[in-house]
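Visitor: Please show me the model, and then take me through it one question at a time.

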Amino acid sequence: MIPEQILHYISGRHVPSLDGRTFGVTDPVTNQVYARAAAGGPADVDAAVMAARIAFEAGPWPHLAARQRAKILNRIADAIESRGAEIAELETFDTGLPVTQAKGQAARAAENYRYFADVIVAQHEEAFSQPGQVGYVLRKPAGVAGLITPWNTPFMLESWKVAPALASGCTVVLKPAEWTPASASLLPEIMTEAGVPEGVFNIVHGIGEEAGAALVAHPGVPLISFTGETTTGQVIMRSAADHLKGLSMELGGKSPCLIFADADLDAAIDSALFGVMSLNGERCTAGSRILAERSVYPALVERLAARAARIVVGPPSDPRTEVGALVHPEHYARVMDYVDIGVKEGARLAAGGARPASLADGNYLAPTVFADVTPKMRIFQEEIFGPVVCVTPFDSEEEAVCLANDTRYGLAAYLWTSDLRRAHRVAAAVESGMTWVNSHNVRDLRTPFGGVKASGLGREGGQHSIDFYTESRIVHVATGDTHVPKFGAS
Ligand code: NAD
């Protein structure tokens with residue numbers, strides 16, 4: 001069940017790196033190496049891109065009727081659903097996510113394949129008619145899609161890219177995150193059994209700066225969909241410029257959760273805590289800055305702190321666990337550094353801030369609430385990506401909006417108020433790609449997903465994903481005599 005060896009998957013075969021190199025993969029509970037994974041480099045990426053190109057140029061995949069591809073995607077979804085418990089167990093072991101939440105993520109992955117099967121069957125194109133001419137759109141898959149994914153909810157985030165790429169008729173080279181390669185290694189069997197032809201789906205494992213960078217630099221890959229840190233996204237954009245690649249960038253966040261005094265405070269507290277503490281706080285859309293109207297601020301801090309102190313931290317495999325182990329000791333050290341920074345900057349530690357006494361080993365942190373956080377503090381500005389939340393008071397709607405927008409990020413925002421007019425005003429004024437009003441992070445798969453400012457470029461989700469993985473071409477046809485100026489005729 002837990003693999004000891006993780007290989008690339010190229011042209012329908014599990015293969016080691018051409019130079020034999022591997023890297024160690026640890027689990028977040030013991031921090032011991034449990035598997036060695038193939039460490040891909042340029043030659044492995046080249047082999048995978050070659051396989052994907054052959055499958056694209058010579059294979060049936062891009063030319064199949066949408067219904068045919070949809071049938072295969074639905075079979076992938078069926079397999080993920082029937083193996084959901086196994087996928088969740090492996091994901092939990094590899095990432096430290098609480099198993100109940102990993103189960104939800106596996107179900108969501110299946111839903112992504114099913115959803116994009118529906119989208120591609122329903123796909124239709126525009127036609128334009130005017131006297132003497134009609135135009136119609138021809139949509140073609142873009143080619144080999146390079147997909148680079150992060151370690152938080154890896155299996156679900158991979159499906160977020162693989163499903164629309166395959167639905168569109170692209171072939172794929174996936175580079176999973178090096179800290180969490182395990183669950184991706186279940187995909188080859190699922191794909192093959194579902195009927196995905198050889199070479200259509202390929203995986204190259206490896207370190208980002210080696211395997212990921214080689215995929216971005218490869219001239220045979222016309223588009224890269226990347227999810228990860230903003231700084232990595234900047235490196236990728238620079239490299240992709242050499243070949244003018246299509247880019248989709250889903251990057252970091254420091255999303256605000258604005259709570260006005262007239263809000264349903266019970267619901268707001270439930271949502272704010274779930275939003276930042278679920279998935280161990282390793283969630284791009286985490287509402288990691290709670291902005292609270294001053295009249296309710298003291299009581300809110302007290303209630304948030306009391307609830308945070310009761311969140312169940314424990315082994316990821318225990319179904320009672322609400323916050324598990326952070327993914328990797330390096331990340332754990334980084335999050336713990338931010339806790340120190342917050343204390344040194346003068347923020348008030350209202351809850352957590354240390355390893356729970358009952359958990360001597362593993363990457364555990366008690367859910368942490370910092371109060372009296374000011375915008376100048378690094379913990380207000382920088383993405384921590386752990387179970388740590390900052391709380392800041394505001395006195396007016398204008399100040400709330402200013403605080404919300406006072407970071408370089410703009411991924412998500414959450415807004416709690418019972419004033420309808422204010423809800424619409426603030427939703428329009430907050431700089432975020434996605435805003436939820438009186439609700440937590442419930443996604444409708446048809447809607448655009450992505451961030452503004454340093455949180456990303458482009459949108460995925462629904463039709464936006466299909467637009468990314470395809471090229472729309474216009475064909476103009478004369479339906480009558482066209483007037484053409486007669487150059488050189490007089
Ligand atoms: P990361 O940027 O370190 O790594 C992401 C992926 O990029 C990994 O597969 C890595 O190997 C690869 N990579 C690293 N350097 C590379 C390079 N030079 N060239 C090509 N590939 C390279 O991010 P992470 O630490 O794995 O993930 C956490 C980050 O992801 C957080 O910032 C989080 O907010 C963000 N995230 C964003 C979204 C979103 O949709 N906006 C979703 C999930 C996570």
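Guide: A definition comes first: a polar contact is a pair of N or O atoms within 3.5 Å; within protein, one must be able to donate a hydrogen and the other to accept it, and residues adjacent in sequence count only if both atoms are side-chain atoms. This is a predicted model, in which local features need pLDDT of at least 70, side-chain atom pairs count only at pLDDT 80 or more, and totals for chains, interfaces and linings use all residues. Residues are numbered from 1 along each chain as its sequence is written, and side-chain values use heavy atoms, with hydrogens and water left out.

Visitor: How far from an oxygen atom of the ligand does a backbone N or O atom of Gly228 lie?
Guide: The pair joins an oxygen atom of the ligand to a backbone N or O atom of Gly228. The distance between them is 3.4 Å.

Visitor: Which residue places a polar side-chain atom 2.8 Å from an oxygen atom of the ligand?
Guide: Glu229 uses a backbone N or O atom, 2.9 Å from an oxygen atom of the ligand. The residue with a polar side-chain atom at 2.8 Å is Trp151.

Visitor: How much of the ligand's accessible area does the protein cover?
Guide: Accessible areas come from the Shrake-Rupley method with a 1.4 Å probe; for residues, only the protein chains shown count as cover. On its own the ligand has 850 Å² of accessible area. The part covered by the protein is 92%.

Visitor: How many residues surround the ligand?
Guide: A residue counts as near a molecule or strand if one of its heavy atoms lies within 4 Å of it. The closest to the ligand are Lys175, Glu178, Thr232, Leu251 and Glu383. The number of surrounding residues is 30.

Visitor: What are the bounds of domain 2?
Guide: Domain bounds come from an automatic or database domain assignment. That assignment gives domain 1 as 5-251 + 455-475. For domain 2 it gives 256-437.

Visitor: How many residues of domain 2 are in contact with domain 1?
Guide: Contact means heavy atoms within 4.5 Å. The C-alpha centres of the two domains lie 31 Å apart. On the side of domain 1, 23 residues take part in the contact. On the side of domain 2 the number is 31.

Visitor: Where does the largest nonpolar core lie, and why?
Guide: A nonpolar core is a set of buried Ala, Val, Leu, Ile, Met, Phe, Trp, Tyr and Cys residues joined through side-chain atoms within 4.5 Å. Here buried means under 20% relative accessible area, exposed over 50%, and partly exposed in between (1.4 Å probe, protein chains only). The largest core has 95 residues, and Ile76, Tyr113, Leu166, Met191, Phe201, Ile259 and Ile290 touch the most other members. Because domain 1 and domain 2 both give residues to this core, it lies between them.

Visitor: How many residues are in the other core?
Guide: This core lies apart from the largest one. Among its residues are Leu291, Tyr338, Met377 and Ile384. Its residue count is 28.

Visitor: Is Thr153 buried or exposed?
Guide: Thr153 sits in the loop between strand 8 (144-148) and helix 5 (154-168); helices (H or I, at least four residues) and strands (E, at least two) are DSSP runs, numbered from the N terminus. Leaving aside neighbours within four places in sequence, Thr153 is in contact with Glu91, Leu97, Gln105 and Leu279. Because its relative accessibility is 4%, Thr153 counts as buried.

Visitor: How far apart in space are Ile6 and Ala182?
Guide: Ile6 is found in strand 1 (residues 5-6) and is buried, with a relative accessible area of 1%. Beyond four places in sequence, the residues that Ile6 touches include Pro181, Ala182 and His205. Ile6 and Ala182 are 176 residues apart in sequence, but from C-alpha to C-alpha the distance is 7.1 Å.

Visitor: What is the phi of Asn31?
Guide: Asn31 lies in the loop between strand 4 (22-26) and strand 5 (33-38). With a relative accessible area of 25%, Asn31 is partly exposed. Asn31 is not a glycine, yet its phi is positive, at about 60°.
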